[in-house]
Amino acid sequence: MRLDYVPNPPTDLAPEDQEVLERVKARRGAMGLIPLDLTLLHAPKIADGWNGLLAAVRTKNSLPDDIREIAISRPALINRAWFEWNAHVPILLKSAGFTEEKMNVVRQLLPMEQGALDDRQWAVLRFADAMTREVAVPQTLFDEVRAAGFTEQQIVELTATVASYNMVTRFLVALDVAEENNKSPQYPIVEN
């Protein structure tokens, strides 16, 4: 980590910052504060906004679990944010109907074939890759996502998820939060 983490639990907080801490702790639940929180809490107002955004992205949308987790995992893989990748691969694998065979496609740095992914999963993977690598999404790919049956609300949620996890992963890597930058990912990727 390029900075010191705040103490766990943080001490000597102003009353409004203590309220932020309580909101972060409430979202984390029994897991407690993680290294990302202990970094963000250097800037409590940023931590508060981050906490609200990520709570909505993670738990207050209409995306199926597999779709949401592909949208999270792809920026983590592409940006080499192993802390995030290692945290979300198990969640993706626990998604209903998600198999190791499907995971074999998701873990490829440059997947060329759909493999075991269904059409919706494949469209989302490529959408996340386009947003992460190129920022602009080609119209043909956008049309494919729409044709896969996503509502306008879900397209906004999907786009916000990919965008948010690009923010998360780039923050993690820039500050080497959780000291994962120079380690191998727990769930190996395929660099094809």
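The exercises below work through a predicted model.

**Exercise 1. The annotated domain**

Task: State which residues UniProt lists for the domain, and describe the secondary structure over that range.

Solution: Start with the record. An unreviewed UniProt entry gives "domain: Carboxymuconolactone decarboxylase-like" for residues 44-116. Next, take the secondary structure of residues 44-116, where the chain is 67% helix and 0% strand. Finally, compare the two ends of this range: their C-alpha atoms lie 43 Å apart.

**Exercise 2. The cavity**

Task: Find how many cavities of 30 Å³ or more the structure holds, and describe the lining of the largest cavity.

Solution: First, count. The structure has 1 cavity of 30 Å³ or more. Second, take the volume, which is about 50 Å³ for the largest cavity. Third, list the lining: Val24, Arg27, Arg28, Asp37, Leu40, Leu41, Ala47, Trp50 and Asn51. Fourth, assign the lining to elements. Helix 1 (15-28), helix 2 (35-40) and helix 3 (44-59) each contribute at least two residues. Fifth, sort the lining of the largest cavity by class, which gives 5 nonpolar, 1 polar and 3 charged residues.

**Exercise 3. The largest pocket**

Task: Describe the largest pocket by volume, by lining residues and by residue class.

Solution: Begin with the volume of the largest pocket, about 370 Å³. Its lining comprises 17 residues, and those nearest the pocket centre are Arg27, Arg28, Met31, Arg58 and His88. Two or more lining residues come from each of helix 1, helix 3, helix 5 (82-93) and helix 9. By class, the pocket lining splits into 11 nonpolar, 2 polar and 4 charged residues. Now set the two linings side by side: Arg27 and Arg28 line the largest cavity and also belong to the lining of the largest pocket.

**Exercise 4. Packing of helix 4 and helix 9**

Task: Give the geometry of the packing between helix 4 and helix 9, and name the residues in contact.

Solution: Two numbers are needed, since a pair of packed helices is described by the angle between the axes and the distance between them. For helix 4 (residues 65-78) and helix 9 (residues 152-175), the angle is about 35° and the axes are 8 Å apart. The crossing is right-handed. On the helix 4 side, the contact is made by Ile67, Arg68, Ala71, Ile72, Pro75 and Ala76. On the helix 9 side, Leu158, Thr161, Val162, Tyr165, Asn166 and Thr169 take part. The contact residues divide into 8 nonpolar, 3 polar and 1 charged.

**Exercise 5. Backbone details**

Task: Describe the peptide bond from asparagine 8 to proline 9 and the phi of aspartate 176, and place proline 9 and aspartate 176 along the chain.

Solution: Take the peptide bond first. From asparagine 8 to proline 9 the bond is cis, with omega near 10°. Proline 9 sits in the segment before helix 1. Then take aspartate 176, which is not a glycine but has a positive phi of about 50°. Aspartate 176 falls in the segment after helix 9.

Note on methods
Residues are numbered from 1 along each chain as its sequence is written. This is a predicted model: local features need pLDDT of at least 70, side-chain atom pairs count only at pLDDT 80 or more; totals for chains, interfaces and linings use all residues. Side-chain values use heavy atoms; hydrogens and water are left out. UniProt positions are given in the numbering used here, feature names are shortened, and annotations may be inferred rather than shown by experiment. Helices (H or I, at least four residues) and strands (E, at least two) are DSSP runs, numbered from the N terminus. On a 1 Å grid over the protein atoms alone, a cavity is a set of points where a 1.4 Å probe fits but cannot get out, and a pocket is an open set with protein on both sides within 12 Å along at least five of seven lines; lining residues have an atom within 4 Å of a point. Grid points are joined across faces, edges and corners, and a volume is the space filled by probe spheres set on the points. Ala, Val, Leu, Ile, Met, Phe, Trp, Tyr, Cys and Pro count as nonpolar, Asp, Glu, Lys and Arg as charged, and the others, Gly among them, as polar. Axes are lines fitted to C-alpha atoms, for helices over the stretch in contact, and angles run from 0 to 180 degrees between N-to-C directions. A crossing is left-handed if the near helix is turned anticlockwise from the far one by less than a right angle, and right-handed if clockwise. Contact means heavy atoms within 4.5 Å.
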